[in-house]
Amino acid sequence: MTIDNLKTPRVALGTWAWGDSGEAGDGYFGSRLTQASLEEVAEKAHAAGFTLWDTAMVYGMGRSETTLGKILERYARSDYQLSTKFTPQAAGTSDDPVADMLEQSLARLGTDYIDLYWIHNPADVARWTPHLIPLLKSGKVKHVGVSNHNLSEIELANRILGEAGFRVEAIQNHYSLLYRSSEQAGILDYCRNRGIPFFAYMVLEQGALTGKYSPENLLPKGSRRAEAYNCMLPQLKALTDKLASIGEKQGAAAPDVATAWVIAKGTTPIIGVTKPHHVDGLIRAGSITLTDADIAELEALADATDVSTRGWWEKEM
Ligand SMILES: NC(=O)c1ccc[n+]([C@@H]2O[C@H](COP(=O)([O-])OP(=O)(O)OC[C@H]3O[C@@H](n4cnc5c(N)ncnc54)[C@H](OP(=O)(O)O)[C@@H]3O)[C@@H](O)[C@H]2O)c1
């Protein structure tokens with residue numbers, strides 16, 4: 001069996017926060033997003049050629065997928081790619097919970113195929129991975145990846161898919177200046193050596209690494225991200241100041257430099273875009289040059305923060 005190689009973009013767009021929009025959001029980000037402003041985000045992204053959208057059923061329990069599907073309705077399906085996920089921890093009890101969750105995602109996204117379908121968080125790799133095979137064969141899923149899997153789990157998933165003529169085509173893990181476990185565990189090298197794209201998520205640490213938030217301007221009250229990051233904002237200042245000063249010399253801002261750093265490490269950032277101007281940042285990030293000295297200095301400042309930004313759903317790699 002042959003499969004088309006996944007076309008990896010320079011940057012992908014994340015929509016977890018879109019699950020917050022409207023009245024029924026779960027409040028993870030505490031963002032007040034409007035349909036009109038998200039439409040503008042999509043329009044700017046489309047115009048700039050950023051076409052891969054990442055979501056998951058569990059982002060606002062369907063709300064992110066529904067919002068995204070509605071907004072993308074105006075574009076030709078061939079003009080964008082959809083990335084969504086099967087989350088074992090939220091699986092139903094039918095004979096095939098993976099196929100069921102996929103069907104629900106397809107309906108919410110208003111499409112009949114997903115370009116890139118992920119096993120979201122590893123639960124029982126040997127149990128869940130085989131369920132992807134019929135979805136690949138039917139064409140409802142074009143490519144598959146695994147997220148938050150460690151090296152041995154990646155290899156097991158790859159072996160299971162390999163027996164049916166498929167393979168793990170992408171990896172998606174938390175990777176930022178403040179969280180480099182995939183690099184330390186050899187997953188980045190594994191991907192580089194095998195030509196597997198590595199998608200980096202939470203590159204901006206949900207806003208904490210943008211320099212916008214500080215002890216004087218905390219993350220939105222009552223949100224889960226405020227709980228996770230407000231306490232560490234004082235320690236992040238030297239790093240975000242350095243990101244800003246590197247950016248300033250190149251007509252860019254701190255988050256653009258944080259994004260450029262993960263690109264320089266050979267990964268594809270998935271950036272959670274909530275405002276139209278965030279797309280401008282992604283365009284700028286693509287033309288930032290970081291010297292070896294810049295990279296070393298940023299990493300040293302990141303290490304000196306001595307904070308742990310591991311998500312509650314993440315394990316040691
Ligand atoms: N596989 C997984 O387990 C997993 C886990 C987490 C995330 N993800 C994926 O990765 C994506 C990215 O992660 P994330 O959204 O959690 O966090 P993120 O990308 O680190 O941060 C997103 C936040 O940063 C701020 N921001 C974005 N661009 C900015 C810019 N140019 N200037 C200033 N602020 C900017 C926005 O905050 P404000 O709204 O406050 O402005 C936005 O909500 C998610 O949307 C999701 O698709 C996957």
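Which strand and which helix each supply at least two residues of the shell around the ligand? In this predicted model, that job falls to strand S8 (268-272) and helix H12 (276-285), each with at least two residues in the shell. Of the elements involved, S8 gives the most, putting in three residues. The ligand is surrounded by 29 residues in total, and the closest are Gly14, Trp16, Tyr201, Gly272 and Gly281. Sorted by class, the shell breaks down into 14 polar, eleven nonpolar and four charged residues.

One of those closest residues, Tyr201, also turns up in the strand pairing. Tyr201 sits in S7 and is the bridge partner of His174. That contact belongs to the pairing of S6 with strand S7 (residues 198-201), where the two run parallel and are held by four bridges.

Strand S6 itself (residues 170-174) is mostly covered, with five of its five residues buried. Besides S7, S6 pairs with strand S5 (residues 141-147), again in the parallel sense, this time through three bridges. Here Ala170 of S6 is the bridge partner of Gly145. Getting from S5 to S6, the chain passes through helix H6 (residues 151-162), and the resulting β-α-β crossover is right-handed.

Put side by side, S6 has parallel pairings with S5 and with S7, and the S7 residue bridged to His174 is among the residues closest to the ligand.

How values were computed. Residues numbered from 1 in each chain as written. Predicted model: local features only at pLDDT ≥ 70, side-chain atom pairs only at ≥ 80, totals over all residues. Buried ≥ 20, exposed ≤ 12 C-beta atoms within 10 Å, placed from the backbone. Pairing = 2+ DSSP bridges. Right-handed = clockwise from strand over helix to strand, strands pointing away. Near = placed C-beta within 6 Å. Nonpolar A, V, L, I, M, F, W, Y, C, P; charged D, E, K, R; others polar.
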